[in-house]
Amino acid sequence: MKSILFILLLAGLILSACGGAPSATPLPAATPTAGEPAATQAATQPAGQPAGPVTFKIVPGESRASYEVGETFLNQDNRFNLAIGVTSAVNGEIYADLANLPASTLGEISIDISQLTSDSSRRDNAIRGDWLESSRFPMAVFKPTGIESLPVRYVEGQEYAFRVTGDLTVKETTLPVTFDVTAALRGDTLTGKAATTILLSQFGVGPISILSVLKTEDEAKITLEFVARP
């Protein structure tokens, strides 16, 4: 009995000499991604928004592609008009790397140009049948090859301007074009506008000339206004 008490007393003296029971080791603090300060990450990555690559799909019903081309009516004292045709049949994907925007890429963008409509059914039918021949070649396809001037980081809701180069195919002709783009990410919705100017003659679709009725300019503006979500 005395030996047991002696052992217990000796153990107590040893613990007292060592400062008592060991304290719990604190867990290491969470560290930010390599190369990016924690404060910057918090400022650029909104709460609830996924970090890293995200695939945004263009929403056809909320997006639209359009053309604008000047036309002169020869049979109306050379009256000038800006012809505008619009379609919402737009599809495509955007692969945004939210942690490293310059690493973002674009997938193929397709537009059903057979559904382009303007304020004149006569014009639309002539374009479908004779010029664009979109009844035979309904899809215009843009295959991106590069993105320039993307920021390293983004700020929620801020609009950024950059350029996208690629190959545009209309009918059976493929040519390089560059779109000037502005885009902003708000919550889970990516919105933007891309525009370029082409020559109808280069794609073999104009300038349009209908006897003594009208003729169009060779230059046409192509615009894509898109809404995309994951």
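**Surface patch, aromatic pair and internal cavity**

Phe80, Leu82 and Ile84 together form a nonpolar surface patch of about 270 Å². The structure examined here is a predicted model. Within the patch, isoleucine 84 belongs to strand 3, which spans residues 79-87. The relative accessibility of isoleucine 84 is 37%, so this residue counts as partly exposed, a class that lies between the limits of 20% for buried and 50% for exposed residues.

Aromatic contacts were examined next. One aromatic pair was found in a search of the whole structure. The ring centres of phenylalanine 142 and phenylalanine 179 lie 5.0 Å apart, and their planes meet at 70°, so the arrangement is edge-to-face; planes over 60 degrees apart fall in that class. Distant parts of the chain are linked by this pair, since phenylalanine 142 is located in strand 8 (residues 139-148) and phenylalanine 179 in strand 10 (residues 173-186), with their positions 37 residues apart in numbering. Phenylalanine 142 has a relative accessibility of 8% and therefore counts as buried. Phenylalanine 179, at 9% relative accessibility, likewise counts as buried.

The interior was also searched for enclosed space. One cavity of 30 Å³ or more is present in the structure, and the largest cavity contains about 40 Å³ of space. The lining of the largest cavity consists of Tyr67, Ile113, Leu116, Asp124, Ile127, Arg128 and Ser134. Helix 3, covering residues 121-131, makes the greatest contribution to this lining, supplying three residues.

Terms used
Residues are numbered from 1 along each chain as its sequence is written. This is a predicted model: local features need pLDDT of at least 70, side-chain atom pairs count only at pLDDT 80 or more; totals for chains, interfaces and linings use all residues. Side-chain values use heavy atoms; hydrogens and water are left out. Rings of Phe, Tyr and Trp (its six-membered ring) pair if their centres lie within 6.5 Å; planes under 30 degrees apart count as stacked, over 60 as edge-to-face and the rest as tilted. Helices (H or I, at least four residues) and strands (E, at least two) are DSSP runs, numbered from the N terminus. Buried means under 20% relative accessible area, exposed over 50%, partly exposed in between (1.4 Å probe, protein chains only). Patches are made of residues with over 30% relative accessible area and no salt bridge: like charges are joined within 9 Å, nonpolar side chains (Val, Leu, Ile, Met, Phe, Trp, Tyr) within 5 Å. Accessible areas come from the Shrake-Rupley method with a 1.4 Å probe; for residues, only the protein chains shown count as cover. A salt bridge is a side-chain nitrogen of Lys or Arg within 4 Å of a carboxyl oxygen of Asp or Glu. On a 1 Å grid over the protein atoms alone, a cavity is a set of points where a 1.4 Å probe fits but cannot get out, and a pocket is an open set with protein on both sides within 12 Å along at least five of seven lines; lining residues have an atom within 4 Å of a point. Grid points are joined across faces, edges and corners, and a volume is the space filled by probe spheres set on the points.
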